[in-house]
Amino acid sequence: MKFSKSHRCYELMPTSAKLIILDKELKVTHAFDALTYNGIRSAPVWDSESCEYIGMLTVTDFIQILKQHHHSKDELNAVCSQKISEWRELLAEDLKPMVTISSVTNLYEAVQRLQQNNIHRLLVVDELTDEALYILTNRRIIHFVWYFFQIFHLSLPDFMNKSVKELGVGTFSDLTSIHETTSLLNVLSLLIERHLSVLPVLDANDCVVNIYGRFDVMNLVNNESYLNLNRTVEQELQSKRPGFEGLYSCRSSDSLSTVIDRIVRADVHRLIVVDDDKHLEGVISLSDVIRFLILHHDCEDVQPENVEDEIQF
């Protein structure tokens, strides 16, 4: 039996973790304060009237609001003091449907839902009570798969020794990047319009020196610098960046196993592919790796005969 179809979502559930659930009548400012305080980037939204989860509040929602109302500080401040339910009305055309998954669903189907809905997280619920258990993310999936191989000393498939460029894992064409002098407003527009999570930042010599991602928008909320989106990326990156993963890179000649190991060890969501002169060649995200591993090359016959150890991460 293939690896991902022999493992269920409940196997990836953390032994201890916080699950923040936001009521739709909560003020947005308080909601983002809760996200920042707990070091998370999104949370399920609960409707007390219908007794159901109606969506996720994410950083993307805040970026959309900034784009719509950045021209007026008074209007922007007024919108930011609204309730989550009011924001959902403003963003109705851009909101994605709430996607949940049962804890007994296999890993293959979970990855399919992530890819088909173009999302990075799934709310896992109890199969009997529909009680929320945890958020399944691409990060948790790749850590589970990699630690499974390490713990049980399983042999890696031959293709894992091939280069990411040869396997076609990642994006190596039509790349989008920004310069240090790019304004925050232009950066936010690129993130939304091109459906990107992060943008490589280049210096005057077109060398990769940093990254700016949707996670950085939380910093705009914390220091209220969202009121001045004419600031440059360079100016913004000089401030503190809570939750910043750092800039991690690789070469297109690196093997897939090397890339995965680096992602897991550094606990990052992507690697920037550069050449010897630090020029941008590509981007490899968790979604790219998981799509290749689970949907295209699911590993057969990797299940140990007796699985007694518990994988904790």
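**Close-up views of a predicted model**

**View 1. S225, a buried loop residue.** At a relative accessibility of 10%, S225 counts as buried, because the cut-off for buried is under 20%. The model shown here is predicted. S225 lies in the loop between α9 and α10 (233-237). Setting aside neighbours within four places in sequence, S225 is in contact with N219, L220, R231 and E236. For one of these partners, E236, the separation along the chain is 11 residues. The C-alpha atoms of S225 and E236 are 8.4 Å apart.

**View 2. V221 in helix α9.** Helix α9 spans residues 217-223 and contains V221. Is V221 buried or exposed? V221 has a relative accessible area of 17%, so it is buried. Beyond the neighbours within four places in sequence, V221 is in contact with F32, F62 and Y226. D277 is 56 residues from V221 in sequence. In space, the C-alpha atoms of V221 and D277 are 35 Å apart.

**View 3. The packing of α2 against α3.** Helix α2 covers residues 59-69, and helix α3 covers residues 73-80. Their axes are 9 Å apart and make an angle of about 150 degrees. The two helices are therefore roughly antiparallel to each other, a class that takes angles over 145 degrees. The crossing of α2 and α3 is right-handed. On the α2 side, the contact is made by F62, I65, L66 and H69. On the α3 side, the residues are E75, L76, V79 and C80. By type, the residues of this contact divide into 6 nonpolar, 1 polar and 1 charged. F62 of α2 is also a contact partner of V221.

**View 4. The largest nonpolar core.** This core holds 44 residues. Which members touch the most others? They are L136, I141, L256, I260 and L293. Several elements give two or more residues to the core. The helices among them are α5 (107-116), α6 (138-151), α7 (164-167), α11 (256-266) and α12 (286-296). The strands are β5 (121-125), β6 (132-137) and β11 (270-274). Helix α6 gives the most, with 7 residues.

**View 5. A second nonpolar core.** This core is separate and has 40 residues. Its members include A31, L91, V221 and L237. V221 is the α9 residue that is in contact with F32, F62 and Y226.

Technical notes: Residues are numbered from 1 along each chain as its sequence is written. This is a predicted model: local features need pLDDT of at least 70, side-chain atom pairs count only at pLDDT 80 or more; totals for chains, interfaces and linings use all residues. Side-chain values use heavy atoms; hydrogens and water are left out. A nonpolar core is a set of buried Ala, Val, Leu, Ile, Met, Phe, Trp, Tyr and Cys residues joined through side-chain atoms within 4.5 Å. Buried means under 20% relative accessible area, exposed over 50%, partly exposed in between (1.4 Å probe, protein chains only). Helices (H or I, at least four residues) and strands (E, at least two) are DSSP runs, numbered from the N terminus. Axes are lines fitted to C-alpha atoms, for helices over the stretch in contact, and angles run from 0 to 180 degrees between N-to-C directions. Angles under 35 degrees count as roughly parallel, over 145 as roughly antiparallel, 65 to 115 as roughly perpendicular and the rest as oblique. A crossing is left-handed if the near helix is turned anticlockwise from the far one by less than a right angle, and right-handed if clockwise. Contact means heavy atoms within 4.5 Å. Ala, Val, Leu, Ile, Met, Phe, Trp, Tyr, Cys and Pro count as nonpolar, Asp, Glu, Lys and Arg as charged, and the others, Gly among them, as polar.
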